[in-house]
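Subject: Structure handover

Hello,

Here is the structure for you to look over. My notes on what was found in it follow below.

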Amino acid sequence: MNRKMLINGQRAEELRLAIIGDGVLEHYQVEKSEAGLQRANIYVGQVTSLQKNLNAAFVDYGSAKDGFLPAREVMHQVASAKPRQGEGSQNIEQLLQKKKPILVQVTNDAVGGKGAALTTNISLAGRYLVLTPFDSSRGISRKIEDEDERKVLRERITDLALPDQMGCIIRTNAM
């Protein structure tokens, strides 16, 4: 069997490794350096362009490349225009306006020539809770399977004094 290991370290932020056996890819791995990662960070950005054909916006949030914000990731609470009743997904031009500031969170870091993937569905993960400022639902981690424990946690989560339109999820560490 003829095996080759290919290593690509051209970019400082990542190292790529591939193992090829008899011309067939057997293993592929990408290691990213922790420095420079932006995933889960929150930024105030500015809408630089609206792409009707992609139904998405590009947002300047301070990185070298503008971030990509699809219309499905725009929460109606932060949209420039409120969604019409009974209307499903809306056109990006109906949701956002060019040059307007917007609060975004990075969901996937920039890779190569592509900018980071963004969302306006902000979530703040803590040790015991995940706070969701634009989602009023309250939940419990699926990993907590004991029904008695879930019942106690459900009572505690309903007693939390949170502002309107703000919710949270109880994490496993809260047990």
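R3 and E26 form a salt bridge, with their closest N and O atoms 2.5 Å apart. R3 belongs to strand β1 (residues 3-8) and E26 to strand β3, so this pair ties together parts that are 23 residues apart in sequence. R3 is exposed, at 54% relative accessibility, because the cut-off for that class is over 50%. E26 has a relative accessible area of 37% and is partly exposed. Please keep in mind throughout that this is a predicted model.

The count of salt bridges comes to two. The other one joins D109 to R39, and here the closest N and O atoms are 3.6 Å apart. This pair links distant parts of the chain, 70 residues apart: D109 sits in the loop between β7 (101-108) and β8 (117-119), while R39 sits in the loop between β3 and β4. D109 is buried, with a relative accessible area of 10%, whereas R39 counts as partly exposed at 45% relative accessibility. As background, side chains of opposite charge can pair when their charged atoms come close.

The loop between β3 (24-32) and β4 also holds A40. The phi of A40 is near 80 degrees, which is a positive value in a residue other than glycine. A40 is partly exposed, at 46% relative accessibility.

Next come the strands on either side of these loops. Strand β4 covers residues 42-51 and includes I42. β4 pairs with β7 in the antiparallel sense, over five bridges. In that pairing Q46 of the one strand stands opposite P101 in β7. β7 in turn runs antiparallel to β8, and three bridges join them. There, V106 stands opposite L118 in β8.

I42 is also part of a nonpolar patch on the surface, together with V44, L103 and L124. The four residues have about 320 Å² of accessible area together. I42 is partly exposed, with a relative accessible area of 32%. I42 can join the patch because the cut-off for patch residues is over 30% relative accessible area.

Strands β5 (residues 56-60) and β6 (residues 67-70) run antiparallel and are joined by four bridges. A57 stands opposite L69 in β6. The two strands form a hairpin with six residues between them. G62 lies in the turn of this hairpin and has a positive phi of about 105 degrees.

After β6, the loop that leads to α1 (92-95) contains Q90. Q90 is buried, at a relative accessible area of 8%. The C-alpha atoms of Q90 and Q105 are separated by 21 Å, and the two residues are 15 apart along the chain.

Now to the later part of the chain. An open sheet of four strands is found here, in the order β9-β10-β12-β11 and with mixed pairing. Its edge strands are β9 (124-125) and β11 (138-140), each of which pairs on one side only. For reference, strands of a sheet pair through backbone hydrogen bonds, either parallel or antiparallel. β11 and strand β12 (residues 167-170) pair in the parallel sense, over three bridges. G139 stands opposite I169 in β12.

Helix α2 (residues 147-159) lies across β11 and β12. The helix runs at about 155 degrees to β11.

The loop between α2 and β12 holds Q165. Like A40, Q165 has a positive phi in a residue other than glycine; the value for Q165 is near 65 degrees. Q165 counts as partly exposed, at 44% relative accessibility.

If you want places to start on screen, I would suggest the pair of R3 and E26, then the pair of D109 and R39, and then the nonpolar patch that includes I42.

Regards

Definitions and conventions:
Residues numbered from 1 in each chain as written. Heavy atoms only, no water. Patch = residues over 30% accessible without salt bridge, like charges linked within 9 Å, V, L, I, M, F, W, Y side chains within 5 Å. Areas by Shrake-Rupley, 256 points an atom, 1.4 Å probe, with all protein chains shown as cover. Salt bridge = Lys/Arg side-chain N within 4 Å of Asp/Glu carboxyl O. Buried < 20%, exposed > 50% of the residue type's maximum accessible area, 1.4 Å probe, protein only. Pairing = 2+ DSSP bridges. Contact = heavy atoms within 4.5 Å. Axes fitted to C-alpha atoms, helices over the stretch in contact; angles between N-to-C directions.
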